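I opened the coordinates to look up how the helices and strands are packed. My notes follow the order in which I checked things.

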Amino acid sequence: MLDQSELIRYNRQLIIPDFGEDGQSKLKGSHVVIVGVGGLGCASATYLTAAGVGHITIVDFDTVELTDLNRQILYWEEDIGKKKVEVAQRKLSRLNPLIQITPVFAKITEKNAPSLISGAQVVVDGLDNSASRLVVNSACVEHKIPYIYGGVSRLRGMITTIIPGQTPCLACLSPEGAGGLGVLGVTPAVIANLQALEAIKILTGRSPSLAGRLLLFNGDDMKFRVREIARNESCPVCSRYYSKKKRGKAN
Amino acid sequence: MPGFSELLIVVNPTREVTREGMLSIVMPWLYAPWPDAKEKGIIETEIEGGTLRALLTGLSARYRQANVDLELINPGTNDLDFDYDVLVNGKNYVALAGGLDAKLKADDTVKVRILWRWDG
């Protein structure tokens, strides 16, 4: 049930056919975890906050540096040296005081990942390295929580939506490539907003468009290429859960 | 596990490009997405000039006919596009004498792989 203030605040999305109060109420009752509040996480957190996701947990272990300011739009010069999650929590709460923002100052590890993502309907990727992403991927597969991978470098970006039990997971694809290649500030904003859109679709009961598909954004030629991807039957992460399911069916 | 998301090309005297050896194809669009190649597991192609560049350019043209926009050579830089990496016999193409213009010979193995994005 939405109150008068919410009806006004979210009016522009409430009037969208097939979204309406039902969709908004679903967002209000949702919990999203954003792992990493850098270039990607700042943008996805901002739009999910504005959209009215009821509870957002933001996880990061870093402090704000001057080199972050070309793309991490929640941080300003006055925030340099402060914990990102605290600055982000403060600003996001000012943008939308009707929702709950939980800051967690922690580095995601195999040990803490399950507890950090616990209770989330969706995990949104805002990380900046492959190792942490594969940790989050494993935890999400194990706990059956949709995980929206997003990554960028320079003017390029990628997204796929991982639905455990249905789509390939990140480990299925043996992803390779280096990090630290530079990022034009707007690139993570493009990718993160598409991640946020995928999250909203899942939260409101729509089919995510990038489940089992890999979107490649090329800012150099301004092309979006979408490719089908398939499960690796011998994936070290997700195949055991599929096997269990198959065994269960056989029994 | 290598090979799952790569296009493996073996250059041989009959000018065949193969996708043999793949246990599981996780990027079906990359693996010769047209009927005869899918069926045989082989793309038959001719490499004009016999260079790596010619192979990649030829492949892009062939994929385009199958409505797959696989632009391996960036038209702006005339170099390998930033979304891909190419290994010839396990060695990155930049380490080859001639780079993309290196001549290919029989039994050379060329791997095309997609580079993932990890920054944030």
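I took two residues to be in contact if their C-beta atoms, placed from the backbone, lie within 7 Å, and I took helices (H or I, at least four residues) and strands (E, at least two) as DSSP runs, numbered from the N terminus. The model is predicted, with local features needing pLDDT of at least 70 and side-chain atom pairs counting only at pLDDT 80 or more, while totals for chains, interfaces and linings use all residues. Residues are numbered from 1 along each chain as its sequence is written, and chains are lettered from A and ligands numbered from 1 in the order in which they are written.

**Entry: α4 and α8.** I looked up the contact first and found that A:Gly39, A:Leu40, A:Ala43, A:Ser44, A:Tyr47, A:Leu48 and A:Ala51 in α4(A) meet residues of α8(A), including A:Pro188, A:Ile191, A:Ala192 and A:Ile200. By class, this contact holds 12 nonpolar, 4 polar and no charged residues (Ala, Val, Leu, Ile, Met, Phe, Trp, Tyr, Cys and Pro count as nonpolar, Asp, Glu, Lys and Arg as charged, and the others, Gly among them, as polar). Helix α4 (residues 39–51) of chain A packs against helix α8 (residues 186–203) of chain A at about 40°, with the axes 8 Å apart. I therefore noted α4(A) as oblique to α8(A), since angles under 35 degrees count as roughly parallel, over 145 as roughly antiparallel, 65 to 115 as roughly perpendicular and the rest as oblique. Axes are lines fitted to C-alpha atoms, for helices over the stretch in contact, and angles run from 0 to 180 degrees between N-to-C directions.

**Entry: α4 and α5.** For α4(A) and helix α5 (residues 84–95) of chain A, I read an angle of about 30° and axes 9 Å apart, which means that α4(A) is roughly parallel to α5(A). On the α4(A) side I listed A:Cys42, A:Ala45, A:Thr46, A:Thr49 and A:Ala50, which face A:Ala88, A:Leu92 and A:Leu95 of α5(A) in this contact. The residues of this contact divide into 6 nonpolar, 2 polar and no charged.

**Entry: the sheet.** In chain A, 8 strands form an open sheet of mixed pairing, in the order β3-β2-β1-β4-β5-β6-β7-β8, where strands pair if DSSP finds at least two bridges between them. I noted β3 (100–105) and β8 of chain A as the edge strands, each pairing on one side only. Neighbouring strands are turned by 15° against each other on average, direction ignored. Helix α4(A) packs on this sheet, where it touches β1 (31–35), β2 (55–60), β4 (122–125) and β5 of chain A.
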